[in-house]
Amino acid sequence: MTMKVAIIGCGTIANSAHIPAYMKNKEVEIKYFCDIIPERAKAAVEKYGCGIAVTDYKEILKDPEVTAVSVCTPNKEHAYISIDCLRAGKHVLCEKPAARTYAEALEMQKAAQETGKILNIGVVNRFNDSVNRIKEYIDSGKLGEVFHVYVSFRSHRSIPGLGGAFTTKEIAGGGALIDWGVHFLDIVMYCCGDPKPITVTGEAFCKLGKNMKEYVYTSMWAGPPKYDGIYDVDDSITGMIRTEGPVITFNGAWAQNIGEREMYIDFMGDKAGIRLDYGAGFTLYTVENGALVSYKPQFNMTNHFENEINAFVDCIKTGKKLASHIDTVIITAKIMQAIYDSSDQHREIVLG
Ligand SMILES: NC(=O)c1ccc[n+]([C@@H]2O[C@H](COP(=O)([O-])OP(=O)(O)OC[C@H]3O[C@@H](n4cnc5c(N)ncnc54)[C@H](O)[C@@H]3O)[C@@H](O)[C@H]2O)c1
């Protein structure tokens with residue numbers, strides 16, 4: 001019998017990643033498409049030729065046939081919807097970031113522990129081929145001691161939906177860090193064996209987007225500007241995290257007055273280093289026979305969203321705990337909270 005699942009939130013990530021991946025998985029059937037905008041739920045039923053359109057996710061909770069849900073709503077809705085689903089006996093794959101705050105993420109983790117249901121977070125890079133190859137290089141000792149990782153998630157003009165959900169702190173919890181940085185920090189943590197953070201220092205800047213009408217851009221993902229909306233999140237951020245493993249330094253920007261897009265992670269080891277071009281391949285730099293060498297491994301990339309969904313479906317059947325389980329990725333929520341707290345208080349936060 002096929003496993004019945006439901007999609008809660010039928011927007012961009014649901015349509016571009018979750019739904020197509022479930023549709024490809026022969027062991028799964030999407031029974032519900034839920035969105036508070038009825039047309040979006042109905043459009044999904046029509047487009048994918050299956051399922052029932054609903055506007056209230058609580059309808060799904062009442063159906064014992066539904067085994068699992070994908071929570072693809074804005075960040076504000078992640079915690080309470082995931083918790084309600086877990087308490088109704090459903091397994092949950094919730095999009096990243098886990099939640100707006102560390103406190104909310106802890107509540108989600110508590111609900112997963114109390115119900116014994118699976119709560120995975122959409123840290124999709126843990127299912128990415130480049131990232132997994134880099135992890136293998138690091139685990140095998142090829143890089144030696146990885147002592148410093150530098151993270152850059154900087155773009156010229158890439159604020160999403162100015163004045164909308166992504167730029168409203170009350171809805172999103174933060175800006176460039178919580179939206180983009182979460183992926184980058186998660187990759188570092190995963191590749192470096194999820195090292196315990198010790199201290200965190202950060203400064204977040206809300207500069208370029210706040211005069212909304214004066215913000216000049218070339219394109220705007222996540223919808224056109226809403227000039228009567230709110231812009232109160234970080235459009236750039238910098239900081240340093242000391243861990244029991246490497247020191248992590250980072251610079252991030254949705255928007256900056258530098259016309260470059262620099263999306264990469266540098267893993268610096270004492271034997272070799274690797275630059276990961278985010279979402280693409282990587283280059284390894286080392287010394288061989290007294291000569292400096294670098295090479296870019298060539299391999300076929302699989303679709304990491306499909307890998308993530310297939311692994312979610314599989315772990316429900318096998319009980320296997322994935323690397324994207326809340327128990328592992330909660331640490332990124334703790335770090336991001338500390339970065340924002342450090343910025344608010346203009347001092348270092350000791351996590352111990
Ligand atoms: N993994 C990734 O790379 C990735 C990429 C993009 C977005 N995301 C994450 O996915 C989430 C959604 O982002 P998006 O770009 O798809 O946003 P979106 O605005 O396109 O879609 C969100 C949808 O949720 C619906 N919604 C809001 N409240 C709801 C509720 N209570 N019940 C049911 N539906 C509700 C909205 O009407 C909307 O259709 C965010 O948390 C974002 O951070 C992850």
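A residue counts as partly exposed when the other C-beta atoms within 10 Å of its own number between the limits for buried, 20 or more, and exposed, 12 or fewer. The views below come from a predicted model.

**View 1. A222, a loop residue with positive phi.** A222 sits in the loop between β8 (197-205) and β9 (236-243). Its phi is near 65°, a positive value in a residue other than glycine. A222 has 16 other C-beta atoms within 10 Å, so it is partly exposed.

**View 2. H346, after the end of helix α10.** H346 follows α10. The loop that holds H346 runs between α10 and β15 (349-350). Phi of H346 is near 50°, and the residue is not glycine. Is H346 buried or exposed? With 9 other C-beta atoms within 10 Å, H346 is exposed, because exposed residues have 12 or fewer.

**View 3. Helix α10, mostly covered.** Helix α10 spans residues 326-345, 20 residues in total. From first C-alpha to last, α10 reaches 28 Å. That is close to the 28 Å expected at 1.5 Å a residue. Of the 20 residues in α10, 14 are buried.

**View 4. The two domains and their contact.** Domain 1 covers 3-125 + 305-323. Domain 2 covers 129-303 + 333-350. Taken over C-alpha atoms, the centres of the two domains are 26 Å apart. Each domain brings residues to the contact: 17 from domain 1 and 17 from domain 2. On the side of domain 1 that touches domain 2, the elements giving two or more residues are α5 (102-115) and α9 (304-318). Which element gives the most to this side of domain 1? It is α9, with three residues. By class, this side of domain 1 has nine nonpolar, four polar and four charged residues.

**View 5. The ligand, between the domains.** Why does the ligand lie between domain 1 and domain 2? Both domains give residues to the shell around the ligand, so the ligand lies between them. There are 25 residues around the ligand. G9, G11, T12, I13 and E95 come nearest. Helix α1 (residues 12-24) supplies the largest share of the shell, three residues. The shell divides into 13 nonpolar, six polar and six charged residues.

**View 6. A cis peptide bond at P97.** The bond from K96 to P97 is cis. Omega here is near -15°. P97 belongs to the loop between β5 (91-94) and α5.

**View 7. Helices α6 and α8, crossing.** Helix α6 spans residues 129-139, and helix α8 spans residues 176-191. How do their axes cross, and at roughly what angle? The axes come within 9 Å and cross at roughly 35°. On the α6 side, the contact uses V131, I134, K135 and I138. These residues meet I187, Y190 and C191 in α8. The contact of α6 with α8 holds six nonpolar residues, no polar residue and one charged residue. A general point on helices helps in reading this view. An α-helix has 3.6 residues a turn, so residues three or four places apart point the same way.

Definitions and conventions: Residues are numbered from 1 along each chain as its sequence is written. This is a predicted model: local features need pLDDT of at least 70, side-chain atom pairs count only at pLDDT 80 or more; totals for chains, interfaces and linings use all residues. A residue is near a molecule or strand if its C-beta atom, placed from the backbone, lies within 6 Å of it. Helices (H or I, at least four residues) and strands (E, at least two) are DSSP runs, numbered from the N terminus. Ala, Val, Leu, Ile, Met, Phe, Trp, Tyr, Cys and Pro count as nonpolar, Asp, Glu, Lys and Arg as charged, and the others, Gly among them, as polar. Domain bounds come from an automatic or database domain assignment. Two residues are in contact if their C-beta atoms, placed from the backbone, lie within 7 Å. The expected span of a helix is 1.5 Å times one less than its number of residues. Axes are lines fitted to C-alpha atoms, for helices over the stretch in contact, and angles run from 0 to 180 degrees between N-to-C directions.
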